[in-house]
Amino acid sequence: MSNKLSLDVISQEQQLLSQEVDMVLVPSMTGQIGILPGHISLFASLEAGELILTSGTRNEVFAITGGFLDVNQNQVTVLADSAIRAEDIDINKVEEAKKRAQEAMKDKSSEKDFKLAEADLRKAILELKVAKRRRHSTLAF
Amino acid sequence: MSSTKIIKRRIKSATNISQITKAMEMVAASKMRFAQESALSSRPYTEKMRQILTGIIEIVKDDVSHFLLATPSPTLNSKEEAQEKYLVVVLSSDKGLCGGLNSNLYRGLELWQRSFTQKKTNLKNIKMDFVTVGKKAKEHVLKTQRFLLAEFSNYGDKPRYSDIIPLYNIILESFKTGQYQKIFIVFMEFVSTIAQRLTVRQLLPIEKADIDTSFDEIMKGEESKYVKFEFHKDYIFEPGAETIFDQLLPKYLGLYLYHVVLESTASEHSARMVAMKNAHDNATEIVKDLSLEYNQLRQQKITSELLDAFSARMVM
């Protein structure tokens with residue numbers, strides 16, 4: 001049995017990643033799950049949070065907003081509603097998006113628009129959190 | 001004199017056609033780029049989800065029941081005979097002028113329906129109802145006197161996920177109530193700018209067996225790789241399988257429908273661009289031929305006039 005996991009991260013917009021990794025940490029509905037090679041077949045529903053993968057000494061972090069995880073014979077597939085690499089998060093843009101979402105949420109006339117804005121806000125807050133933590137951890141390395 | 005006039009008029013109209021088709025080609029090309037991009041970018045997600053889903057459904061089908069996985073039992077008609085009813089979702093373009101796209105779709109639909117009913121001769125009572133997306137499909141279904149359950153059009157060039165929600169609801173609702181045993185979807189899948197392929201897929205119930213009924217040999221080749229994809233017998237579901245299926249299946253259905261709409265839009269614009277390009281090329285060719293003919297005639301006229309003048313002079 002190979003001692004590597006082959007990981008695919010696919011968001012609804014694109015295939016983000018396809019590579020060999022040593023470990024994957026995902027935010028499942030019931031808490032964070034760590035996947036190591038040789039893991040039993042698993043299908044889990046994911047929450048919004050950070051997806052962390054380790055490959056050698058390198059760590060990579062993604063911010064994902066919900067989705068599904070499939071583990072099958074060392075093939076790990078993450079189907080995320082949306083996903084972004086922590087390094088690719090543009091803090092200024094996200095701050096702006098957050099403000100916009102907050103503005104939009106003040107208008108409570110349409111329930112649908114409100115929900116959309118709420119989802120945007122939640123996504124923005126998550127991305128900010130991930131990006132900021134990422135900054136700190138790079139300093140620590 | 002009159003023949004040159006006619007030719008001149010024909011040159012003018014052919015030039016007009018070539019200009020119009022050129023413009024339409026440009027428009028289609030720019031729409032096509034967007035449509036192709038969105039179709040191709042949503043493909044990995046949908047395909048992967050399909051692959052995983054059909055795989056795990058095979059494993060858990062004995063333990064988990066979900067209404068999207070089971071075939072509702074057929075209703076009995078007045079003579080107490082079981083009658084199977086199928087719903088077919090057909091996607092076409094709203095507008096014409098896109099080459100053989102829609103006629104290929106109609107032909108494929110007829111062929112598929114015939115071969116399907118022949119295969120199931122033991123079931124004499126098959127009724128197919130239709131839901132159409134796009135005006136052309138609606139026209140075809142009505143012209144061939146079939147039952148049209150619902151019709152959607154004007155999705156535009158950039159369909160959004162929220163646009164397909166009514167379609168999704170009608171499909172889910174009519175399946176949930178047990179009105180239909182199976183739901184199929186027929187559309188033109190985008191292969192490349194110059195090729196679109198008719199695809200027929202079983203939408204509901206979601207199952208691995210005969211999930212694909214494509215005529216195309218290439219498709220079969222592609223499909224076989226999913227079969228090779230083996231799934232381990234013991235699967236853990238986190239949280240429980242029921243909860244996951246409750247979430248995953250409706251979501252998959254919605255995403256799949258959206259993806260199919262995107263594919264069909266990409267096919268439409270690609271087909272239109274190619275059709276308009278061909279029309280433009282043909283019109284240009286005609287203008288060239290006609291100009292040659294016109295010039296020949298003109299020269300002939302001049303020559304005969306000159307001859308007249310010379311012969312008149314010689315007589316004097």
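Reader: Okay, chain B first. Of its contacts with a separation of 6 or more, what share comes from residues 24 or more positions apart?

Author: That share is 74%. One thing to keep in mind: this is a predicted model.

Reader: Got it. How many helices and strands does chain B have?

Author: Chain B has six helices and seven strands.

Reader: And in what order do the elements run from the N terminus?

Author: Going from the N terminus, chain B reads α-β-β-α-β-α-β-α-β-β-α-β-α.

Reader: What percentage of chain B is buried?

Author: Chain B has 316 residues, and buried ones make up 31% of them.

Reader: Switching topic: how many residues does each chain put into the contact between A and B?

Author: Chain A gives 21 residues and chain B gives 19 residues.

Reader: Which strands of chain A supply at least two residues each on that side?

Author: On the side of chain A that touches chain B, those are β1 (5-11), β5 (42-55), β6 (58-72) and β7 (75-80). The largest share comes from β5(A), with four residues.

Reader: How do the residues on chain A's side divide into nonpolar, polar and charged?

Author: Eleven are polar, eight are nonpolar and two are charged.

Reader: Back to β5(A) for a sec. Which strand of chain B is β5(A) joined to, and do the two run parallel or antiparallel?

Author: β5(A) is joined to β7 of chain B, residues 236-238, by three bridges, and the two strands run parallel.

Reader: What stands opposite A44(A) there?

Author: Opposite A44(A) you'll find E238(B), which belongs to β7(B).

Reader: Now just chain A. Which domains does the assignment give?

Author: The assignment gives domain 1, covering 5-86, and domain 2, covering 90-140.

Reader: How many Å apart are the C-alpha centres of those two domains?

Author: The centres of domain 1 and domain 2 of chain A lie 22 Å apart.

Reader: And how many residues of each domain are in contact with the other?

Author: Eight residues of domain 1 of chain A are in contact with seven from domain 2 of chain A. On the domain 1 side, β5 and β6 of chain A each supply at least two residues.

Reader: Which element has the largest share on that domain 1 side?

Author: That's β6(A), with three residues.

Reader: Last one: how do the residues on the domain 1 side divide by type?

Author: On the side of domain 1 that touches domain 2 in chain A, five are nonpolar, two are polar and one is charged.

Conventions
Residues numbered from 1 in each chain as written. Chains lettered and ligands numbered in written order. Predicted model: local features only at pLDDT ≥ 70, side-chain atom pairs only at ≥ 80, totals over all residues. Contact = placed C-beta atoms within 7 Å. Nonpolar A, V, L, I, M, F, W, Y, C, P; charged D, E, K, R; others polar. Pairing = 2+ DSSP bridges. Domains from an automatic or database assignment. Buried ≥ 20, exposed ≤ 12 C-beta atoms within 10 Å, placed from the backbone.
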